[in-house]
Each structure stands twice: as structure tokens, then as C-alpha cells.
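Visitor: I'm new to protein structures. Could you walk me through this one, step by step?

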Amino acid sequence: MFYVYLLKSRKDKSLYIGFAPDLKARFVKHTEGSVKSTKNLRPLELVYYEAYKSKKDALMREKQLKRFSKSYSMLKRRINDSLMLQG
């Protein structure tokens, strides 16, 4: 399986979209600070993911979310409760 995922920074509430063939291993790398693009956003939480059998489909979806604000906005609306500030 191949995964497209959304991380939320608990530090500044920013969001990060990524792709991985092994979601658990990739999330560990993010939380350890081994990923340059999210190192300064830690701590992070996984708020959403989609699984695909095809690597091509997963990469296309990641690209769609990163480049097309409408797709990204629709996803954020769908998972609004996961993105709310937790007290």
C-alpha cells in the first residue's frame, strides 16, 4: 500500500501533506526530527491518511492536494473536527 497523509503541528497548528509507502515508519521519522521539512514543526500528530494500491495514484493525489487549493480546502472541511484546536 501507498499512503498520502496529513500531519498537524501541535506547535503552530500548521499542516503538512506527505506520501509514503510505509506510513508508520515515515511518521516515526517525522516525530524524531529526521525529516527536514517538519523538523521545526514538532510535535506532530497524524490527523488523516488515504491508502492506495497504486503508487502512481497516491503520488497523483499528493500532488493534487499540494497544488490545488480547492482539493486541499475540501479535505480540510471533511476532517474539520480532527483539525480543531484541542484544549
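**Salt bridges and a sheet**

Visitor: How many salt bridges does a search of the whole structure find?

Guide: Happy to start there, and please keep in mind that this is a predicted model. When the whole structure is searched, the number of salt bridges found is four.

Visitor: Which parts of the chain does the salt bridge between Glu45 and Lys8 link?

Guide: The side chains of these two residues, Glu45 and Lys8, meet with 3.9 Å from N to O. They are 37 residues apart, so this pair links distant parts of the chain. Lys8 sits in strand β1 (residues 2–9), and Glu45 in strand β3 (residues 44–52).

Visitor: Are Glu45 and Lys8 buried or exposed?

Guide: The word "buried" is kept for residues under 20% relative accessible area. For Glu45 the value is 14%, so Glu45 falls under that cut-off. Lys8 gets the same label as Glu45: buried.

Visitor: And Arg10, which meets Glu45 in a salt bridge: is Arg10 buried, partly exposed or exposed?

Guide: The Arg10 and Glu45 side chains meet at 3.8 Å, N to O. Arg10 belongs to the loop between β1 and β2 (15–20), 35 residues apart from Glu45 in strand β3. Because its relative accessible area is 48%, between the cut-offs of 20% and 50%, Arg10 is partly exposed.

Visitor: Which elements does the pair Glu50 and Arg61 tie together?

Guide: Here the side chains meet in a salt bridge of 2.9 Å, N to O. Both Glu50 and Arg61 are buried. The two residues are eleven residues apart in sequence and lie in different elements, so their pair ties together strand β3 and helix α2 (residues 55–67).

Visitor: Which residues do salt bridges with shared partners join into one network?

Guide: Look again at Glu45, which meets Lys8 and also meets Arg10. Through shared partners, one network is made of Lys8, Arg10 and Glu45.

Visitor: Now the sheet: which strands are its edge strands?

Guide: Three strands form an open sheet with antiparallel pairing, in the order β2-β1-β3. An edge strand here pairs on one side only, and that description fits β2 and β3.

Visitor: What is the average twist from one strand to the next?

Guide: β1 and β2 pair in the antiparallel sense over six bridges, and Tyr5 stands opposite Gly18 in β2. Going from one strand to the next, the twist averages 20°.

Visitor: What angle does the direction of α2 make with that of β2?

Guide: Helix α2 packs on the sheet and touches β1, β2 and β3. Its direction, set against that of β2, makes an angle of about 165°.

Conventions: Residues are numbered from 1 along each chain as its sequence is written. This is a predicted model: local features need pLDDT of at least 70, side-chain atom pairs count only at pLDDT 80 or more; totals for chains, interfaces and linings use all residues. Side-chain values use heavy atoms; hydrogens and water are left out. Helices (H or I, at least four residues) and strands (E, at least two) are DSSP runs, numbered from the N terminus. Buried means under 20% relative accessible area, exposed over 50%, partly exposed in between (1.4 Å probe, protein chains only). Two strands pair if DSSP finds at least two bridges between them. Axes are lines fitted to C-alpha atoms, for helices over the stretch in contact, and angles run from 0 to 180 degrees between N-to-C directions. Contact means heavy atoms within 4.5 Å.
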